[in-house]
Amino acid sequence: MTNALRSRRALRAAVPGVLLLGAALAVSGCASPVDPSETRESLSEVTEDPSPPAAAETYDAKLHPEPVVDPVDCDPYLVVTARGTGEPSSGQLLSPVARTISKARPGSVEVLDLDYPADTDVNEGGTIGTRTLIDILNVQADACPDQRFVLLGYSQGALVVGDALADPEARMVGSTVGTVSEEALTRVLAVVLYGDPRFVGDEKYNVGTYDPEVDGLLPRPEGALTAVSTKLRDYCVEGDFICQSSLDFNEEPHIEYYSNGMQGEGAAFVISKLGRPDESPRDFSGSPATPGTPSTPESKD
């Protein structure tokens, strides 16, 4: 067993991107530079190279069943962010979304940035991220019977979140890294994705200015996320070469989520799934969401 699996990590200490609750920042942010050709190439390599990455064995759940994470505090809500390729742990697209959710439930939200490489080796890093996220959910479900989960993903992070929630045969990465337990899956209150490489244009949970006849670079099998479909919003805008599989390497649409109001929309959707502030998460399962429909992005406040 490798040192990575032998040494279980306490996420609060190990993840530098843990967000401070109650930080007074608006839903906004500065976009990280995106190299469209490099990003597309790194995602394409997931299907072009048939050999499994080293992480497929290192993080194989059957060979190494011990979780790669330790539990964190049992706050009522755990929000996990999965950043995009090359994004920093702090100051990412998802940071203000998580802060807005935290401010809506002061003192009740733990926020973790998923500890995974988020680099251009998507096969390797995505496999690590998928195993880590699965273990976070399963470990927390065992340790904290009243805790509920919110998952946020952008770009490569959206791929990781979606694959972690899908059956292994429907994944692009992490087919060997285990599955989210049925108990943990029922604890997921909301999932919000942006610029998803595995976007499927005609899914009912999609939101944005996308063309419903166009899929992402690495589309999921239809129905792969049925288990969370009523809790999911998958945001995609016209011209985003990642979720709309375009050869037009204009990076602007893929970072439009920083400024088009969709951060706020995503946060509002999550907050609507948390129930009233005076309700216990244990007693609130979340009402079924109205399926998403294409919409024009709102302006930021």
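A residue counts as buried when its relative accessible area is under 20%, as exposed when that area is over 50%, and as partly exposed in between. With that in hand, let us walk through this predicted model. Ser229 makes a good starting point: its relative accessibility is 26%, so it counts as partly exposed.

**Around Ser229**

Ser229 sits in the loop that runs between β7 (206-208) and β8 (232-236). Its side chain reaches the backbone oxygen of Thr226 at 3.1 Å. Lys204 is 25 residues away along the chain, and the C-alpha atoms of Ser229 and Lys204 are separated by 8.1 Å.

**The whole protein**

Stepping back, you will find nine helices and eight strands in the protein. Of its 301 residues, 54% are buried. The accessible surface comes to about 12,300 Å², and carbon and sulfur atoms account for 50% of that surface. If you take the contacts between residues at least 6 apart in sequence, 80% of them join residues at least 24 apart.

**Gln147 and its neighbours**

One residue that shows such a link is Gln147. You can find Gln147 in the loop between α6 (122-143) and β5 (148-154). Gln147 has a relative accessibility of 1%, under the 20% limit, so it counts as buried. Leaving aside residues up to four places away in sequence, Gln147 touches Asp73, Cys74, Asp75, Pro76, Tyr77, Leu78, Gln140 and Arg187. Tyr77 is 70 residues from Gln147 in sequence, yet their C-alpha atoms are 5.5 Å apart in space. With Asp75, a polar atom of the Gln147 side chain lies 2.9 Å from the backbone oxygen.

**Two residues with positive phi**

Most residues other than glycine have a negative phi. Here are two that have a positive value instead, Ala118 and Ser155.

| Residue | Phi | Loop | Relative accessibility |
|---|---|---|---|
| Ala118 | about 55° | between β4 (109-113) and α6 | 3%, buried |
| Ser155 | near 55° | between β5 and α7 (156-165) | 4%, buried |

Ala118 is buried because its relative accessible area of 3% is under 20%. The 4% of Ser155 is also under 20%, so Ser155 counts as buried too.

**Helix α7**

The loop of Ser155 lies between β5 and α7, which brings us to that helix. How many of the residues of α7 are buried? The count is 10 of the 10, so α7 is largely enclosed by the rest of the structure. The buried residues of α7 include Leu159, Val160, Val161 and Leu165, and also Gln156 and Asp163. Gly157, Ala158, Gly162 and Ala164 are buried in α7 as well.

**Where α5 meets α9**

Our last stop is a pair of helices. Helix α5 (residues 95-104) packs with helix α9 (residues 262-273) at an angle of about 35°, and their axes are 9 Å apart. This crossing of α5 and α9 is right-handed. Which residues of α5 and α9 meet? From α5 come Pro96, Val97, Thr100, Ile101 and Ala104, while α9 brings Gln263, Ala267, Val270 and Ile271. The residues of this contact divide into seven nonpolar, two polar and no charged.

Terms used:
Residues numbered from 1 in each chain as written. Heavy atoms only, no water. Helix = DSSP H or I, 4+ residues; strand = E, 2+ residues; numbered from the N terminus. Buried < 20%, exposed > 50% of the residue type's maximum accessible area, 1.4 Å probe, protein only. Contact = heavy atoms within 4.5 Å. Areas by Shrake-Rupley, 256 points an atom, 1.4 Å probe, with all protein chains shown as cover. Polar contact = N/O pair within 3.5 Å; in protein donor to acceptor, adjacent residues only side chain to side chain. Axes fitted to C-alpha atoms, helices over the stretch in contact; angles between N-to-C directions. Left-handed = near helix turned anticlockwise from the far one by under 90°. Nonpolar A, V, L, I, M, F, W, Y, C, P; charged D, E, K, R; others polar.
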